[in-house]
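Me: I've got a model open at the bench and I'd like a close look at one part of it. Pick a stretch in the middle of the chain, walk me through it, and then tell me how it fits with whatever is around it.

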Amino acid sequence: MDTRDVLTPSSDGRDGARRDLTVRELAHRWWRPATVVLVLATAVVWRLVAPGLGAPPNLEIATAATFLAVLLLRNRWAAVVPFAVVAVSDAVLGNTQIMWFTWSAWAVVGAGAIFARHLRGPGRYAAALGVGVGGSLWFFAWTNFGVWLLDGLYPSTLDGLLASYVAGLPFLRTMLLGNLVLVPFAALLAGLVERAEAAASPAPAVAKG
C-alpha cells in the first residue's frame with residue numbers, strides 16, 4: 001500500500017485521530033473502504049444463507065460490520081452500514097410486517113456505534129462491548145414490541161407483551177453471545193489495519209540542529 005502523503009503525524013497522530021476522515025483521505029486509503037465493503041458483503045450473504053446452514057436464529061454479523069465500518073471509515077456516514085445489509089438482504093428475503101421496527105432498531109445501533117469512531121485502546125474495546133450488549137438488548141426490546149403490536153400473535157395486553165418477550169429470549173441469547181465475540185473482534189481487526197498502516201508509513205524526518 002502506498003502511504004506517501006497519506007499517513008502523516010497530523011492525519012494519524014493523537015490530534016488527527018479525533019477528527020473524521022475525508023472522502024479524499026479514504027480514497028487514498030482505499031484498503032479501508034475495501035475492507036468495509038468485503039465485510040458488508042459477508043454480512044449480507046450470511047443473512048441470506050444462515051438459515052439454510054442451520055445457524056442459530058439471530059446469529060448476525062451486521063452489528064460487528066457496522067462497528068468495523070465506523071472505526072475504519074471514521075465517519076458518521078458509516079452508521080448506514082446496517083441499512084445496506086438489511087436493504088439488500090430484505091430485497092431477497094422479503095420484508096416482514098415489523099420491517100419498520102427492525103430497520104429503526106438497526107438505525108439506533110448504527111447511531112450508537114458512531115460515538116466510538118475516535119476511540120483508541122481500551123476505550124475502543126469497552127465501546128465494542130457496549131455496542132454488542134446494548135445493541136442486542138435494544139434490538140430484542142424494540143422488535144419484540146413490534147411483534148406484539150403488529151403481528152397478532154399475542155393478546156393486546158400486558159401479559160401478551162410479556163409473553164412476546166419470553167418467547168424472544170432464546171433469540172436474544174444467540175444475538176448477545178454472538179455480538180460479545182464478533183464486535184470486539186471487529187475492533188481488533190480495525191486495530192490490525194491501523195497497525196499495518198503505521199508500519200508501512202515512512203518514519204518522520206528528524207530535524208538536525
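Reply: Let's start at R74, which sits in the loop between α4 and α5. Keep in mind that this is a predicted model, so everything here is read off computed coordinates. R74 isn't a glycine, yet its phi is positive, at about 45°. Is R74 buried or exposed? R74 comes out as buried because its relative accessibility is just 2%, and the cut-off for buried is under 20%.

R74 comes right after α4, so step back into that helix with me. Helix α4 covers residues 62-73, 12 residues in all, and at 1.5 Å a residue it should span 16 Å; the C-alpha atoms at its ends are 16 Å apart, so the two agree. What about its surroundings? Here 12 of 12 residues are buried. The list runs from A62, T63, A64 and A65 through T66, F67, L68 and A69 to V70, L71, L72 and L73. Who does the covering? Among the elements over those buried residues are α2 (23-28), α3, α5, α6, α7 and α8.

One spot where you can follow that packing is the α6 side. V109 belongs to helix α6, and with a relative accessible area of 6% it counts as buried. Its C-alpha atom is 7.3 Å from that of T63, although 46 residues separate the two along the chain. Skipping sequence neighbours within four places, V109 has contacts with T63, G135 and W138.

Further along the chain there's S136, in helix α7. Its relative accessibility is 0%, so S136 is buried too. Its side chain makes a polar contact of 2.9 Å with the side chain of N179. Besides N179, and again leaving out neighbours within four places, S136 touches V131, L172, M175 and L176.

Now for the other end of α4. N58 is in the loop between α3 and α4. Like R74, N58 is a non-glycine with a positive phi, here about 75°. N58 is partly exposed, because its relative accessibility is 32%, between the 20% and 50% cut-offs.

N58 also takes us to the largest pocket, which holds about 930 Å³ of space. There are 39 lining residues, and those closest to the pocket centre are R47, N58, T102, F139 and F171. Each of α3 (31-49), α5 (81-93), α6 (99-113), α7 (121-151) and α8 (158-200) gives two or more residues to that lining. By type, the lining splits into 26 nonpolar, 9 polar and 4 charged residues.

Zooming out, the chain has 8 helices and 0 strands. Of its 209 residues, 42% count as buried. Among contacts with a separation of 6 or more, 76% are between residues 24 or more positions apart. The V109 and T63 pair, 46 residues apart along the chain and in contact, is one you can look up for yourself.

Notes. Residues are numbered from 1 along each chain as its sequence is written. This is a predicted model: local features need pLDDT of at least 70, side-chain atom pairs count only at pLDDT 80 or more; totals for chains, interfaces and linings use all residues. Side-chain values use heavy atoms; hydrogens and water are left out. On a 1 Å grid over the protein atoms alone, a cavity is a set of points where a 1.4 Å probe fits but cannot get out, and a pocket is an open set with protein on both sides within 12 Å along at least five of seven lines; lining residues have an atom within 4 Å of a point. Grid points are joined across faces, edges and corners, and a volume is the space filled by probe spheres set on the points. Helices (H or I, at least four residues) and strands (E, at least two) are DSSP runs, numbered from the N terminus. Ala, Val, Leu, Ile, Met, Phe, Trp, Tyr, Cys and Pro count as nonpolar, Asp, Glu, Lys and Arg as charged, and the others, Gly among them, as polar. The expected span of a helix is 1.5 Å times one less than its number of residues. Buried means under 20% relative accessible area, exposed over 50%, partly exposed in between (1.4 Å probe, protein chains only). Contact means heavy atoms within 4.5 Å. A polar contact is a pair of N or O atoms within 3.5 Å; within protein, one must be able to donate a hydrogen and the other to accept it, and residues adjacent in sequence count only if both atoms are side-chain atoms.
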